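Trainee: Could we go through this one together? I'd like to start with charged pairs and then wander a bit.

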Amino acid sequence: MKKFKRYCKTLQLENDSILIKEYKRLHAMGNAWPEITQGMKDVGIVDMEIYIDETTLFMIMDTEENFDHDKAMAKLATLPRQSEWEATVSKFQKTSVSSLAKDKWKLIERIYKMDQEREFTLEKGYEENIKIIK
C-alpha cells in the first residue's frame with residue numbers, strides 16, 4: 001500500500017450562469033493549461049478533482065506522503081504561468097484578482113470517515129493508504 005495525504009477545500013464562484021459555464025469549460029478535459037497541471041505535480045500534488053454544486057466548488061487534493069501544504073502552496077505561486085492562471089480564474093471566483101490559490105481555497109475539516117484509523121489536522125492533511133492496482 002502507498003501512503004498519501006488528502007486535503008479537501010472549498011471556494012465560492014460568482015452567481016452568474018454564464019461565468020460558471022465558462023469556468024467549467026476552462027477546466028474541462030484538455031483545457032487546463034499544461035504548465036498549471038505540471039506545476040501541481042512538481043510541488044507534490046499527485047491527484048486533484050474539483051466538483052461543483054451551484055456556486056460552490058469542492059476540491060479533493062491527494063499529495064505525496066511528505067507534503068508540506070504551506071511550503072508547497074508558496075512554491076506553486078512562483079511557478080511559470082501560475083499568477084496568470086490565478087488572474088484568469090479570479091473573474092469567476094468570489095476573490096480578488098491579486099489572491100493566490102492558497103488564499104482562495106479554504107481548507108475544510110473532515111468530521112467523519114467510515115473505518116477511521118487516524119487523527120488529522122487540516123494543515124497536515126488526512127493520511128490515507130491506498131492500494132496500487134496494476
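Trainee: What do the side chains of Arg81 and Glu35 do when they meet?

Mentor: In this predicted model, the side chains of Arg81 and Glu35 meet in a salt bridge, with 3.4 Å from N to O. The pair links distant parts of the chain, since Arg81 lies in the loop between α3 (69–76) and α4 (82–90) while Glu35 belongs to helix α2 (residues 34–42), and the two are 46 residues apart.

Trainee: And are those two buried or exposed, or partly exposed?

Mentor: Arg81 has a relative accessible area of 33%, so Arg81 is partly exposed, and Glu35, at 32% relative accessibility, also counts as partly exposed. Salt bridges that share partners join Glu35, Arg81 and Glu84 into one network.

Trainee: Why can side chains like that pair at all?

Mentor: Side chains of opposite charge can pair when their charged atoms come close.

Trainee: OK, how many salt bridges are there?

Mentor: The count comes to five salt bridges. One of them is formed by Asp62 with Arg6, whose closest N and O atoms are 2.7 Å apart. That pair also links distant parts of the chain, with Asp62 in strand β3 (residues 56–63) and Arg6 in strand β1 (residues 2–12), 56 residues apart.

Trainee: Which of the words buried and partly exposed goes with Asp62, and which with Arg6?

Mentor: Asp62 is buried because its relative accessible area is 10%, and buried means under 20%. Arg6, with a relative accessible area of 27%, is partly exposed.

Trainee: Where in the chain are Glu22 and Arg25, and how far apart in sequence?

Mentor: Both are in helix α1 (residues 17–27), and because Glu22 and Arg25 are three residues apart there, about one helical turn separates them. Their side chains meet in a salt bridge of 2.6 Å, N to O. Glu22 is partly exposed, with a relative accessible area of 30%, and Arg25 is partly exposed as well, with 42%.

Trainee: Switching topic, what's in the largest nonpolar core?

Mentor: The largest nonpolar core has 24 residues, and those with the most contacts inside it are Leu13, Tyr23, Ile45, Met61, Phe67, Met73 and Trp105. The elements that give two or more residues to this core are β1, α1, α2, β3, α3 and α4.

Trainee: Take Ile45, then: what is it in contact with, leaving aside neighbours within four places in sequence?

Mentor: With those neighbours left aside, Ile45 is in contact with Met40, Met61, Asp62, Thr63, Phe67 and Met73. Asp62 is the residue that forms a salt bridge with Arg6, while Met61, Phe67 and Met73 are among the residues with the most contacts inside the core.

Trainee: And on the surface, which residues make a nonpolar patch?

Mentor: Ile111, Tyr112 and Met114 make a nonpolar surface patch of about 440 Å². Ile111 sits in the loop between β4 (106–107) and β5 (126–130), and Ile111 counts as exposed because its relative accessibility is 76%, where exposed means over 50%.

Trainee: Last one, what does the whole chain look like?

Mentor: The chain has five helices and five strands, and from the N terminus on its elements run β-α-α-β-β-α-α-α-β-β. Of its 134 residues, 34% count as buried, and the accessible surface of the chain comes to about 9,100 Å², with 52% of that belonging to carbon and sulfur atoms. Among contacts between residues at least 6 apart in sequence, 68% join residues at least 24 apart.

Conventions: Residues are numbered from 1 along each chain as its sequence is written. This is a predicted model: local features need pLDDT of at least 70, side-chain atom pairs count only at pLDDT 80 or more; totals for chains, interfaces and linings use all residues. Side-chain values use heavy atoms; hydrogens and water are left out. Patches are made of residues with over 30% relative accessible area and no salt bridge: like charges are joined within 9 Å, nonpolar side chains (Val, Leu, Ile, Met, Phe, Trp, Tyr) within 5 Å. Accessible areas come from the Shrake-Rupley method with a 1.4 Å probe; for residues, only the protein chains shown count as cover. A salt bridge is a side-chain nitrogen of Lys or Arg within 4 Å of a carboxyl oxygen of Asp or Glu. Helices (H or I, at least four residues) and strands (E, at least two) are DSSP runs, numbered from the N terminus. Buried means under 20% relative accessible area, exposed over 50%, partly exposed in between (1.4 Å probe, protein chains only). A nonpolar core is a set of buried Ala, Val, Leu, Ile, Met, Phe, Trp, Tyr and Cys residues joined through side-chain atoms within 4.5 Å. Contact means heavy atoms within 4.5 Å.
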